[in-house]
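Hi there,

Here is the structure I promised to pass on. Have a look at it first, and then read my notes below.

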Amino acid sequence: MNYDSLIIHYGELSTKGANRASFIERLTHNVRVALRPFATASVKGTHDYIGVSIGQEDPNALISRLQDVSGIQKISLVAKTARDLEAVQEAAIELLAHEKGSTFKIDVKRVDKTFPLDSYQMACEVADSILDHSSWTVDLHDYDILLRITVRESGCYLSCHEYPGLGGYPLGMNGKVGLLLSGGIDSPVAAYKLLRRGIKIEGIHFASPPYTSSRVLDKLVDILNALTDYQPAFQLNVVPFTKLQEAIYEHVPEPYCITIMRRMMLRIAEKVARDHHCLALATGESIGQVASQTLDSLIAINDVTNFPILRPLATEDKVSIVDDAKRIGTYEISIRPYEDCCTIFKPKKPKTKPKLEDCLYYESKFDWAPLVEEAAANVETIRVPSKEEHEND
């Protein structure tokens, strides 16, 4: 008896009530998309779980791919048998013969209540059979293997192995946001956290050539390519920011330059987001991490828009952000020595408690509105394709 299927458990989707069906439908679609490279695997969604027939595929490769799909709580590697006690007993003995250890426990879940044995009776019958035909012993507290048996109308499913999923909601269920993507460590982690909540991402990047290198864009493309494990493909919207940034540093006192620059970025980003049908903006800001991320700064910066702004890293510290960046594979890309416009133009003593009335006063000193319109009208969009598309090129 070999493992022949995977069972995908929903987790948070079980709380969605009347919307549950649409969430499951989206997750089933996302699972099919994720497993397209595995030609012999097949996917079937049900009200309670998604089943994946392994076919001729490596189950470890399937599991590894599925662990990057948001909306999955856990994945069980299972062997399916007929709804027959003798078939389950034979399968259990054979499965344990290939496992390491000496003690086991059985956990039976009887989804199909018409099965003639209740959960306790079935656990006892299967355990007795294992004890009679192997050297395994029962230990209900300190066991080496937990054998799970689930009885459904379609058959009985046996599993000794479960794997954690990404959790959250299926990608796309919660709309799309425009993420301000700098190329640093924080914003890719913010993207990952948003993707886990079922939110699609479009990148918005502010470029200031010749002050910033074109290699920054290469870095951003590589970051988004790393994130295609979680979203199949991305769009990166590159905003030409040089003229506006030069005007800011010409007319605004240096301590206020970052604050005014961020206000201009939000004005432009909102226009880009609305043009691309995004429901909100998002940033990688963490409260207090730098001068423009104090609460006083955020109040002054946010004043320019009533568009929703999501900050998934707001309460995270740098150590945890770096750990997440390393785990998702973006850290080594982010620390490449190519700086964005915020870093290159960073003032020596930025204002940490800017006043809104000062911001409005300094903005009144130059005609910034046409520059905002020009920047928003000349956005260049770069598409980062899925890994599957790369492989087919």
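Let me start with one residue: Asp324 is buried, its relative accessible area being 12%. By "buried" I mean under 20% relative accessible area, by "exposed" over 50%, and by "partly exposed" anything in between (1.4 Å probe, protein chains only).

Before going further, please note that this is a predicted model, in which local features need pLDDT of at least 70 and side-chain atom pairs count only at pLDDT 80 or more, while totals for chains, interfaces and linings use all residues. Residues are numbered from 1 along each chain as its sequence is written, and side-chain values use heavy atoms, with hydrogens and water left out.

**Salt bridges**

Back to Asp324: its side chain meets that of Lys193 in a salt bridge, at 3.5 Å from N to O. A salt bridge here is a side-chain nitrogen of Lys or Arg within 4 Å of a carboxyl oxygen of Asp or Glu. Lys193 belongs to helix 5 and Asp324 to helix 10 (residues 318-328), so this pair ties together parts that lie 131 residues apart in sequence. Helices (H or I, at least four residues) and strands (E, at least two) are DSSP runs, numbered from the N terminus. Unlike Asp324, which is buried, Lys193 counts as partly exposed, with 23% relative accessibility.

How many salt bridges does a search of the whole structure find? The count is 17. Two others are worth pulling up in your viewer.

- Asp112 and Arg83 form a salt bridge whose closest N and O atoms are 2.3 Å apart. Asp112 sits in the loop between strand 5 (103-110) and helix 4 (119-133), and Arg83 in the loop between strand 4 (74-81) and helix 3 (85-97), so to speak a link between distant parts of the chain, 29 residues apart. Asp112 is buried at 7% relative accessibility, whereas Arg83 is partly exposed at 31%.
- Asp303 and Arg263 meet through their side chains in a salt bridge of 3.7 Å, N to O. This pair also links distant parts of the chain, 40 residues apart: Asp303 is in the loop between helix 9 (295-302) and strand 13, and Arg263 is in helix 8 (residues 254-275). Arg263 is buried, with a relative accessible area of 0%, while Asp303 is partly exposed at 39%.

The second of these pairs belongs to a wider arrangement: a network of salt bridges links Arg263, Arg267, Asp303 and Glu363.

**The sheet**

Next, an open sheet of 6 strands, with mixed pairing and the order 13-12-9-10-11-14. Its edge strands are strand 13 (309-310) and strand 14 (380-384), each of which pairs on one side only. Two strands count as paired if DSSP finds at least two bridges between them.

Strand 12 (residues 280-282) runs parallel to strand 13 and is joined to it by 2 bridges, with Ala282 opposite Leu310. Strand 9 (residues 176-180) pairs with strand 10 in the parallel sense over 5 bridges, and there Val177 stands opposite Ile201. On its other side in the strand order, strand 10 pairs with strand 11 (residues 234-240), again in the parallel sense and over 5 bridges; Ala207 faces Pro240 across that pairing.

The chain crosses from strand 10 through helix 6 (residues 215-226) to strand 11 in a right-handed β-α-β crossover. Strand 9, helix 5 (residues 186-196) and strand 10 also make a right-handed β-α-β unit. Right-handed means that, with the strands pointing away from the viewer, the path from the first strand over the helix to the second runs clockwise.

Is strand 10 enclosed or open, and why? Of the 8 residues of strand 10 (residues 200-207), 7 are buried, so the strand is largely enclosed by the rest of the structure.

**Cysteines**

There are 0 disulfides in the structure, a disulfide being a pair of cysteine sulfur atoms within 2.5 Å. For Cys156, the nearest cysteine sulfur is that of Cys160, 15 Å away. Cys156 is buried at 0% relative accessible area, and Cys278 is buried at 7%.

Happy browsing, and write back with any questions!
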